[in-house]
Amino acid sequence: MLTTGRNKGSNINMLHILRTLNLVVLVLSLTIQCVSAVETESFAITNIQLFDGHNFYQNKSVIVIDGQIAAITDNTAAWPDIRLVEGQGGTLLPGLIDAHAHTKSVEQLTEALRFGVTTVLDMTTPPAVMATLKHTAASRNDVAGFRSAG
C-alpha cells in the first residue's frame, strides 16, 4: 500500500518504493542496451551495485567477453579497448525466471526479456505453438528462454 504521511514508517515505505522503481528502470535500461548485442560482442557494465543472488557488492564492473561474463572487477583497466556501458550506480541482478506463464507468442518472449526475465516456464501452451516458441528461443538472443510443462 502506498502511503504518505508524517510518521516514520510511511517515509520508509515511500523510500522502499522509490528504490524499487529505480531498480526496475535500471534493469530495463541495461536489458535494452545489452540484449540487443550480438553474442560475440564484448562490453563492460560499470559503476554498479551487483546482486549475485546472495550478496550485494558496491562499485563493481561486470566484464562480458563474447556474450559470457568473464569477470567482476573494481575497475576496467585490464580491458582498455572494451565498450563501456555506464550503470549509473544502479543494481545489476541475475536474470529473472517467470515460473508460471501462459505463453502464446514470440512477442511475449520478447517482452519478457525486455523486463529482465531470461527464462519463461510455461504451463499450458498447445504443442504446435510450443514447438515454434522452443525453436525461436533456441535460435535467437533477443527473446527469453522457453521451457514448457507440456
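This is the transcript of a short presentation on the strands, helices and buried residues of one structure.

Good morning. The structure before you is a predicted model, and I shall begin with its parallel sheet.

This sheet is open and has 3 strands, in the order β6-β7-β8, with parallel pairing. Its edge strands are β6, residues 96–101, and β8, residues 145–148, each of which pairs on one side only. On average, neighbouring strands of the sheet are turned by 20° against each other, direction ignored.

Let us take the two pairings in turn. β6 and β7 pair in the parallel sense over 4 bridges. Within that pairing, the bridge partner of Ile97 is Thr119 in β7. On the other side, strand β7, residues 117–122, pairs with β8 in the parallel sense, over 4 bridges. There, Leu121 has Arg147 of β8 as its bridge partner. As a general reminder, strands of a sheet pair through backbone hydrogen bonds, either parallel or antiparallel.

At the start of this region I would point out Leu96, which is found in strand β6. Is Leu96 buried or exposed? Neither term applies: Leu96 is partly exposed, because its relative accessible area is 39%, and the buried class ends under 20% while the exposed class begins over 50%. Leaving aside neighbours within four places in sequence, Leu96 is in contact with Phe115, Gly116, Val117, Thr118 and Thr119. Its C-alpha atom lies 9.0 Å from that of Leu113, a residue 17 places away in sequence.

I turn now to the helix that accompanies these strands. β6, α2 and β7 make a right-handed β-α-β unit. Helix α2, residues 106–114, lies across β7 and β8 and runs at about 135° to β7. Just after α2, Gly116 takes a positive phi of about 90°.

Which residues of α2 are buried? They are Val106, Leu109, Ala112 and Leu113. These residues cover an arc of only 115° around the axis, and therefore they sit on the same side of α2. The underlying geometry is familiar: an α-helix has 3.6 residues a turn, so residues three or four places apart point the same way.

This brings us to the nonpolar cores. The largest has 13 residues, of which Leu109, Val120 and Phe146 touch the most other members. The elements that give two or more residues to this core are α2, β7 and α3, the last spanning 127–139. Of these, α2 gives the most, with 4 residues. In general, nonpolar side chains tend to be buried together in soluble globular proteins.

Consider Val120, one of the residues just named for touching the most other members. Beyond its neighbours within four places in sequence, Val120 is in contact with Asp98, Ala101, Thr103, Leu109, Ala112, Ala144, Gly145, Phe146 and Arg147. Apart from the core just described lies another, of 8 residues, among them Ile48, Leu50, Val62 and Val64.

Before leaving α2, I should mention Val143, which lies in the loop between α3 and β8. Val143 is buried, because its relative accessible area is 6%. Not counting residues up to four places away in sequence, Val143 touches Val106, Leu109, Thr110, Leu113, Thr136 and Ala137. Val143 and Leu113 are 30 residues apart along the chain, yet their C-alpha atoms are separated by 5.7 Å.

Finally, I come to strand β1, residues 43–51, where we find Thr46. Ile48 also has its place in strand β1. How does Ile48 stand in terms of burial, and why? Ile48 counts as buried because its relative accessibility is 1%. Leaving aside neighbours within four places in sequence, the contacts of Ile48 are Tyr57, Gln58, Asn59, Lys60, Val62, Gly87, Gly90 and Leu92. One of these contacts is Gly87; Ile48 and Gly87 are 39 residues apart in sequence and 5.3 Å apart in space, C-alpha to C-alpha.

Thr46 is buried as well, with a relative accessible area of 13%. With neighbours within four places in sequence again set aside, Thr46 is in contact with Lys60, Ser61, Thr76, Leu84, Val85, Glu86, Gly87 and Gln88.

To close, I would leave you with two points. The strand order of the parallel sheet is β6-β7-β8, and α2 gives the most residues to the largest core. Thank you for your attention.

Terms used: Residues are numbered from 1 along each chain as its sequence is written. This is a predicted model: local features need pLDDT of at least 70, side-chain atom pairs count only at pLDDT 80 or more; totals for chains, interfaces and linings use all residues. Side-chain values use heavy atoms; hydrogens and water are left out. Two strands pair if DSSP finds at least two bridges between them. Axes are lines fitted to C-alpha atoms, for helices over the stretch in contact, and angles run from 0 to 180 degrees between N-to-C directions. Contact means heavy atoms within 4.5 Å. Buried means under 20% relative accessible area, exposed over 50%, partly exposed in between (1.4 Å probe, protein chains only). The arc is that of the directions from the helix axis to the C-beta atoms. A nonpolar core is a set of buried Ala, Val, Leu, Ile, Met, Phe, Trp, Tyr and Cys residues joined through side-chain atoms within 4.5 Å. A crossover is right-handed if, with the strands pointing away from the viewer, the path from the first strand over the helix to the second runs clockwise.
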